[in-house]
Amino acid sequence: MSRQVPPQTIEWIVEQARNGHPPETLLKPLIDNGWDEDGAIDAVEQAMRGYLDAHARDSGLPPSVPVPSPIELNGASVLDAGDRQVHVLANMLLPRVIVFGGLLDVAECDELMELSRATLKRSTVLDAETGGDQVHDDRTSAGTHFARGGNALVSRIEARIATLLDWPVENGEATQILRYGVGAQYKPHHDYFDPDWSGSAGPLKRGGQRVASLVMYLNTPERGGATTFPEVNFEVAAVKGNAVFFSYDRPHAMTRTLHGGAPVLAGEKWIATKWLRERRHD
Ligand SMILES: O=C(O)CCC(=O)C(=O)O
Ligand SMILES: [Fe+2]
């Protein structure tokens, strides 16, 4: 449990930060005043979070919430995902995007495609008003999904993702499999549920907001099919076994997580998408 930080200490920290002192320079004065190091770090974090949340509220923004993130990312090229070592190929702070190499092996990708082939059907998007599923020109893939823990392979991958991203398995939605043929695409969109849409209320009751997405590439399309982040002119090439992760700490465009699946120009593109919620998703 974090220690109660006296209001005058909070005020002092916020005042220092507003005057341009970086938060880490505030630790020493606190320690000199009898705080232990962990307590001082916690006090600075609490004060800054409170200040930023109040500022967000005043600006009409939804509050920021914790999001999944690999522990010990600091410059690491390889991360331990429990049963596998995963490479970090790219790492961006705004939007928060990480490209992983070798999250899945070739046999896992092939098995996911094989298990899905028979049950693929045209993908849908959420209807903004009713919250129902709607076939739409913005999303022309075919898809299916595997319930959490639905088979041994899916459970193994879920456990790997939970370790890699330090986020409970229970907060994950079903794993969604998509196949895009030539010309198929997913036009730029956000993955969070827009709080202003009445259709978001239903999905939000189960586990709260989506806070992160992990798009795993199950094959390498011949041409096209990158995952694009048009606001920042960034695209991730679809390469079998790799994955792109992005998180959004509030359901707002300021996260810059607008993204899409570019049209497949030759061959086909298969992905497995895992969306992660704030809380347990049942
Ligand atoms: O196809 C892609 O690369 C992106 C997929 C996507 O945005 C999603 O599944 O939410
Ligand atoms: Fe998406």
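A: Let's start with a definition: a residue is exposed if 12 or fewer other C-beta atoms lie within 10 Å of its own, and buried if 20 or more do. Keep in mind too that this is a predicted model.

Q: Let me try that out. Is N233 buried or exposed?

A: Count the neighbours. N233 has 7 other C-beta atoms within 10 Å, so it is exposed. You'll find N233 in the loop between β12 (227–229) and β13 (234–236). Its backbone has a twist to notice as well: phi is positive, about 50°, although N233 is not a glycine.

Q: And R256, which also has a positive phi, is it buried or exposed?

A: R256 has 20 other C-beta atoms within 10 Å, so it counts as buried. Its phi is near 60°, again in a residue other than glycine, and R256 sits in the loop between β14 and β15.

Q: How do I read a helix, and which residues of α5 are buried?

A: The general idea is that an α-helix has 3.6 residues a turn, so residues three or four places apart point the same way. In α5, the buried ones are V154, I157, I161, L164 and L165. Looking down the axis of α5, these buried residues fall within an arc of 90°, so they line one face of the helix.

Q: What span should α5 have, going by its residues?

A: Helix α5 (residues 152–165) has 14 residues and should span 20 Å at 1.5 Å a residue; its end C-alpha atoms are 20 Å apart, so the two agree. Just past α5, D166 takes a positive phi of about 55°. You can do the check again on α1 (residues 7–18): its 12 residues reach 16 Å, close to the 16 Å expected. Just after α1 comes G20, with a positive phi of about 95°.

Q: Now the strands. In what order do they form the open sheet?

A: Strands of a sheet pair through backbone hydrogen bonds, either parallel or antiparallel. Here nine strands run in the order β1-β2-β3-β14-β10-β17-β8-β7-β4, with antiparallel pairing. At the edges are β1 (78–80) and β4 (121–122), each with a single partner strand, so one side of each has no neighbour in the sheet.

Q: Which strands pair with β14?

A: Strand β14 (residues 243–247) pairs with β10 over five bridges, and another five bridges join it to β3 (residues 96–101). A243 shows this well: it is the bridge partner of M216 and also of F100. Just before β3, in the loop that follows β2 (85–92), lies P95, joined to L94 by a cis peptide bond with omega about -5°.

Q: Which residues of β14 are buried on each side?

A: In a regular strand the side chains alternate between the two faces of the sheet. In β14, A243, F245 and S247 are buried on one side, and V244 and F246 on the other. Five of the five residues are buried, so β14 is largely enclosed by the rest of the structure.

Q: Which residues are around ligand 1?

A: They are Y186, D191, S213, V215, T227, H259, G261, I271 and T273. By class, that is three nonpolar, five polar and one charged. The strands β10 (210–217), β15 (259–261) and β17 (269–277) each supply at least two of the shell residues. An unreviewed UniProt entry annotates residues 171–278 as "domain: Fe2OG dioxygenase".

Terms used:
Residues numbered from 1 in each chain as written. Chains lettered and ligands numbered in written order. Predicted model: local features only at pLDDT ≥ 70, side-chain atom pairs only at ≥ 80, totals over all residues. UniProt positions renumbered as here; feature names shortened; annotations may be inferred. Near = placed C-beta within 6 Å. Helix = DSSP H or I, 4+ residues; strand = E, 2+ residues; numbered from the N terminus. Nonpolar A, V, L, I, M, F, W, Y, C, P; charged D, E, K, R; others polar. Expected span 1.5 Å × (residues − 1). Arc of directions from axis to C-beta. Pairing = 2+ DSSP bridges.
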